[in-house]
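This report introduces a structure to a reader who has not met it before. It turns to the nucleic acid, the aromatic rings and the nonpolar interior.

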Number of protein chains: 2
Amino acid sequence: MTQSVPRSERASTPRSVDVARLAGVSQKTVSRVFNDEPYVSADVRRRVMAAADELGYRLNSAARALASGRTRSVGVVTLGTALYGPASLLMGIERAVRDAGYALRVVNTLEGDPAGVTGAVESLLDQGVDGIVISEPIDEGAVAVQVDVPVIVLGASPSFVAPRAVTAGVGADLLARVATEHLLDLGHETVHHLAGPQRWFAARDRLDGWRAALAARGRREPAVVEGDWSAASGYAAGRQLAADPGVTAVFAANDDMAIGLIRALAEAGRGVPEEVSVVGFDDIPVAAFVTPPLTTVRQPFDAVAQEGLRLLVHAIEKPEQDLPPANDPPVELVVRASTAQPRSRTIPGRDR
Amino acid sequence: MTQSVPRSERASTPRSVDVARLAGVSQKTVSRVFNDEPYVSADVRRRVMAAADELGYRLNSAARALASGRTRSVGVVTLGTALYGPASLLMGIERAVRDAGYALRVVNTLEGDPAGVTGAVESLLDQGVDGIVISEPIDEGAVAVQVDVPVIVLGASPSFVAPRAVTAGVGADLLARVATEHLLDLGHETVHHLAGPQRWFAARDRLDGWRAALAARGRREPAVVEGDWSAASGYAAGRQLAADPGVTAVFAANDDMAIGLIRALAEAGRGVPEEVSVVGFDDIPVAAFVTPPLTTVRQPFDAVAQEGLRLLVHAIEKPEQDLPPANDPPVELVVRASTAQPRSRTIPGRDR
DNA sequence: ATGAAAGCGCTAACAG
DNA sequence: CTGTTAGCGCTTTCAT
């Protein structure tokens, strides 16, 4: 006999057949109702829903995925840091994914992880996602996997390559350009740059924007100082920059570094903004409340996430169509008290 | 004829039968190899792996989940904020989940979301997770769903109820107690508290710890000022507290609020730490670099996540066994420059 | 507008 | 140590 109680208890959770039986319809009809398919009379739909409710029925996503070949989920590869930028983007992605009707699976790549992005993507593929978001990646060369689902890279330069991959930009270069121009507009001869780690695309973009702004006005390009995003590295850079009297304006690639920088400057007796102006990047929550309140650039994380997801979902659901045009997210410079005109400008008769 | 080409192209991805055929074994053996089951000869294992490699075979997780009844994934419900604390915890959870061999699915509950935690849990259940982590929840009353998988609540007081739910504590009350005692030890008569929003368990725990510390020494308990975690709310609270000359020490429930508070105090001419000592909570990355460097309490996010996951995995994999004892994560007070002895103590010919 | 039948690719249970 | 058989609960395809 094979009629015996199969697997475990069997008294378990209800399946669609149970609902069908109770509603007096076929199992397929239950499926139709739960998938919002057409050709189900309002009455039947109601009866099915009632039966499902009574039983506490829940669609089995594994069975659904197996039968349909789609998991209705997207995976995101993140850097695994609580840094304000990446964390904000992740939250934006979660929201956008959910709004699009997908579930979200997350895999981090720890810095220094040998498997890196490739390993993370692989793990997502094992899980069977319908699409992949790579958030703020660092440069590790191309991803060495055969990826057969659409991939979108958020916040990387378009040079990031992968099959079926598109890029949706934070446009950090533009933002960096705006920050640099603000300093130039105030009258500074040139602007120094406290860059992020150059393995990060996000850091490189900011460097590019800074460079472009200087070049556009024919200004001298000072040597770049590189930090690691941390306030501590900003502090170290600040000690170095404080020693150079030619430094009157610094654009830091993120707010944490800017804060460390300002502290080092202050300790060295070079007040901000009296002697040196500083612009940060991100507009972290405390930026308006540190001393001095930080002029910074705000990134539109939610907009970037939404935009990226729009493209990804399009690629998933309409594979044969071309991608819709990308919309550029808004740019915002928040001017506070850490930037001012250079001294030589405010007190004309030479420097003070 | 049913022999015609079924579903789509069929030239698609390889399945375990394909691997089996190529390796000259049965399909079940392939399954054995991929599940690291015993009783497979080294030779067969090698052949199977080689065949899988050649074909680019990947286990189909949906089929596996359907057949086994387990998804090998855990879901996490988070608050959807980039605040340092919650974001750090999330990263810790991701790591712990992956280390435990599970995949991670994430659902946020936006503050003010009508569906709330219940909706988030529901969505995780729809996705078919094996276990659920609820991270740093806010109080919405009990979760109104029939949950048939283990649930662990991170950073909530044990009063949070749900079927099969256990709590792994951040032990924020203990940490808050340490912070308060530090201030008392410095000689302050009492300590004011700038609390977080009381709907958050995390905020309540800190309040409790503060209260306990005062009570233990028989100190007067000043009125609590409540903020919303933001530096802006800390600033507002600071303006209020600055007006009260009796305030010589404040314990803020997080660093952001502490920073806003310090700014307001400074603007009101009440220097930190000369006139007022301030302790924060979290040790955010910039805490050491703001002015003055912030004395704060560091939460062991990774340890909490690991500990929580250990319990959850135990509950998933050995449902009939009792939970192992919980290990209390380490406590750390980071003393920097925002705290000092009160003036009245340092000036008179008394102490020192 | 509804139903019947046939898998989706894998693991479980039991033989050998 | 290895293979056989029977589903897991749903969607697909094709009838009706």
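Of the atoms of DNA strand D within 4 Å of the protein, what percentage belong to sugar or phosphate? The share is 63%, and the rest belong to bases. The model discussed here is a predicted one.

## The surface near DNA strand D

There are 28 residues around DNA strand D, and those that come nearest are A:Arg15, A:Lys28, A:Ser31, A:Tyr57 and B:Thr29. By class, this surface has ten nonpolar, ten polar and eight charged residues. Both protein chains take part: H2 and H4 of chain A, as well as helix H2 (27-34) and helix H4 (61-68) of chain B, each supply at least two residues of the surface near DNA strand D. The element that gives the most is H4(A), with four residues.

## The surface near DNA strand C

DNA strand C is surrounded by 27 residues, of which A:Thr29, A:Tyr39, B:Arg15, B:Ser31 and B:Tyr57 are the closest. Here 67% of the strand atoms within 4 Å of the protein belong to sugar or phosphate, and the rest to bases. The surface near DNA strand C has ten nonpolar, ten polar and seven charged residues. At least two residues of this surface come from each of H2 and H4 of chain A and H2 and H4 of chain B. H4(B) gives the most, with four residues.

## Polar contacts with the DNA

The table lists polar contacts between the protein and the two DNA strands.

| Residue | Protein atom | DNA atom | Distance |
|---|---|---|---|
| A:Ser16 | backbone N or O | phosphate oxygen, DNA strand D | 2.6 Å |
| A:Tyr57 | side-chain N or O | phosphate oxygen, DNA strand D | 2.5 Å |
| B:Ser41 | polar backbone atom | phosphate oxygen, DNA strand D | 2.7 Å |
| A:Thr29 | side-chain N or O | phosphate oxygen, DNA strand C | 2.5 Å |
| A:Ala67 | polar backbone atom | base oxygen, DNA strand C | 3.5 Å |
| B:Asn35 | polar side-chain atom | phosphate oxygen, DNA strand C | 2.9 Å |

For A:Ala67, the partner is a base oxygen of DNA strand C. For B:Asn35, the partner is a phosphate oxygen of that strand.

## Aromatic pairs

How many aromatic pairs does the structure hold over all chains? There are ten. One of these pairs joins A:Phe34 and A:Tyr57, with 5.1 Å from centre to centre and 85 degrees between the planes, an edge-to-face arrangement. A:Phe34 belongs to helix H2 (residues 27-34) of chain A, whereas A:Tyr57 sits in the loop between helix H3 (42-55) and helix H4 (61-68) of chain A, so the pair ties together parts that are 23 residues apart in sequence. A:Phe34 is partly exposed, at a relative accessible area of 25%. A:Tyr57 counts as buried because its relative accessibility is 13%, which is under the limit of 20%.

A further pair lies in chain B. The ring centres of B:Tyr84 and B:Phe301 are 6.2 Å apart and their planes stand at 80 degrees, so this pair too is edge-to-face. B:Tyr84 is in helix H5 (residues 84-99) of chain B and B:Phe301 in helix H11 (residues 301-317) of chain B; the pair therefore ties together parts that are 217 residues apart in sequence. B:Tyr84 is partly exposed, with a relative accessible area of 25%, while B:Phe301 is buried, with 8%.

## The nonpolar interior

The largest nonpolar core has 64 residues, of which A:Ile259, A:Val278, B:Ile259 and B:Val278 touch the most other members. Two or more residues of this core come from each of helix H9 (231-242), strand E8 (249-252) and helix H10 (255-267) of chain A, and from each of helix H9 (231-242), strand E8 (249-252) and helix H10 (255-267) of chain B. Beyond its neighbours within four places in sequence, A:Val278 is in contact with residues including A:Val250, A:Ala258, A:Leu261, A:Leu294 and A:Ser338. Another core, apart from the largest one, has 46 residues, among them A:Ala96, A:Val97, A:Val133 and B:Val74.

Is A:Val76 buried or exposed? At 0% relative accessibility, A:Val76 counts as buried. This residue is found in strand E1 (residues 73-78) of chain A. Leaving aside neighbours within four places in sequence, the contacts of A:Val76 include A:Leu90, A:Ile93, A:Leu104, A:Val106, A:Leu124 and A:Val133. The C-alpha atom of A:Val76 is 23 Å from that of A:Asp228, and the two residues are 152 residues apart along the chain.

Methods. Residues numbered from 1 in each chain as written. Chains lettered and ligands numbered in written order. Predicted model: local features only at pLDDT ≥ 70, side-chain atom pairs only at ≥ 80, totals over all residues. Heavy atoms only, no water. Phe/Tyr/Trp six-rings, centres within 6.5 Å; stacked < 30°, edge-to-face > 60°. Buried < 20%, exposed > 50% of the residue type's maximum accessible area, 1.4 Å probe, protein only. Contact = heavy atoms within 4.5 Å. Near = heavy atom within 4 Å. Polar contact = N/O pair within 3.5 Å; in protein donor to acceptor, adjacent residues only side chain to side chain. Nonpolar A, V, L, I, M, F, W, Y, C, P; charged D, E, K, R; others polar. Core = buried A, V, L, I, M, F, W, Y, C linked by side-chain atoms within 4.5 Å.
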